[in-house]
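This report looks at selected salt bridges, one helix and one loop residue. The sequence and the structure are shown first.

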Amino acid sequence: MSTAALHQVQMKPKEYKSEVPVVWCPGCGHFGILNSIYRALSELGIDPTKMMSISGIGCSSRTPYFIKSYKMHTLHGRAGAVATGAQIARPDLAVMVTGGDGDGFSIGGGHMPHMARKNVDMTYVLYDNGIYGLTKGQYSPTSRPELKAYTTPYGGPDQPMDPMLYMLTYGATYVAQAFAGKPKVCADLIKGAIEHKGFAYVNIFSQCTSFNHIDTVEFYRDLMEEIPAGHDVADLGAAMELARRPHGKAPMGLLYQVKKPTLVDQLEAIVKKVGGHPDYDLSKIVDISRP
């Protein structure tokens, strides 16, 4: 969303830390992502009282506990649906969802295309570690077949899905990717996502040192490649070609960004179209449904 609409404050990154201790495993990539979020919030001057942090279930879904903001720790895979409702009810807030590959693309997979195509004005940061870590290591939608996990002791039978191609296909208006070992890159992309008006998706590879022993820091460092200078972020075809990894490298940076009406814009247009009848005043409808 436009940060000009928020009450901006001057806070250092460490001042966005809540009093709740971070409890991830030593060496987990999620630390780097969390610090990148702190940095992005600080650089934008986001007022914690003007932010809603929402998650589902999983290691990464603990993130809202560690950030000073309003927060909701919801059901497995349902963070996106809750966040959509929160954004419609309070379009004046910065809404951020944080979650993992299993929460987002398996249990919550039914919600992802609709957030993208509706262009809900929110930031979705996906911590992609290719494993279910909280439940001690099960194969996830982004696991590679070579991964021997608790449920796949001989390796997996499936090819991993590609979140980048998925989000580009379904119409996300801001699509970016990075690696947790590049905190400045992560912070810059998250910052851009928060400033973007519309559905902003940031996919961040994050090593799981406890249960995924093939997607290591070294693996991700070798996998990632910066997006070529001169890439046109408004060219959907070029973004999809990069996402397909034609040379075997995963693109790092902003792949795609365009401006389109958000879900709230579309709803307001309907209200205007029908002549502003009180029955179609969305704000009044929402007010009626408040507890």
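Is K184 buried, partly exposed or exposed, judged by its relative accessibility? K184 has a relative accessibility of 46% and counts as partly exposed. The model discussed here is a predicted one.

**Salt bridges**

K184 pairs with D188 in a salt bridge whose closest N and O atoms are 2.9 Å apart. Both residues belong to helix α6, where a spacing of 4 residues separates them by about one helical turn. D188 is partly exposed as well, at 36% relative accessibility. Another salt-bridge network joins R39, E43 and K191 through shared partners.

Within this network, the side chains of E43 and K191 meet with an N to O distance of 3.4 Å. E43 sits in helix α1 (residues 30-44) and K191 in helix α6 (residues 183-195), so their salt bridge ties together parts 148 residues apart in sequence. E43 is partly exposed at 39% relative accessibility, and K191 is partly exposed at 23%.

R90 and D92 form a further salt bridge. R90 has a relative accessible area of 35% and is partly exposed; D92, at 30%, is also partly exposed. The count of salt bridges comes to 9, including the three tabulated here.

| Salt bridge | N to O distance |
|---|---|
| E43 and K191 | 3.4 Å |
| R90 and D92 | 2.7 Å |
| K184 and D188 | 2.9 Å |

**Helix α8**

Helix α8 spans residues 236-243, and its buried residues are A239, L242 and A243. Viewed down the helix axis, the buried residues of α8 fall within an arc of 100°, so they line one face of the helix. Among the elements covering them are α5 (163-169) and β8 (250-257).

The N-terminal end of α8 is capped by D235, which places a side-chain oxygen 3.0 Å from the backbone nitrogen of G237. Just after the helix, R245 adopts a positive phi of about 55°.

**N212**

N212 lies in the loop between β6 (199-205) and α7 (217-223). With 2% relative accessibility, N212 counts as buried. Its side chain reaches the backbone oxygen of N129 at 3.0 Å. A polar atom of the N212 side chain also lies 3.1 Å from the backbone nitrogen of I214. Apart from neighbours within four places in sequence, N212 is in contact with N129, G130, I131 and L147.

Notes. Residues numbered from 1 in each chain as written. Predicted model: local features only at pLDDT ≥ 70, side-chain atom pairs only at ≥ 80, totals over all residues. Heavy atoms only, no water. Helix = DSSP H or I, 4+ residues; strand = E, 2+ residues; numbered from the N terminus. Buried < 20%, exposed > 50% of the residue type's maximum accessible area, 1.4 Å probe, protein only. Polar contact = N/O pair within 3.5 Å; in protein donor to acceptor, adjacent residues only side chain to side chain. Contact = heavy atoms within 4.5 Å. Arc of directions from axis to C-beta. Salt bridge = Lys/Arg side-chain N within 4 Å of Asp/Glu carboxyl O.
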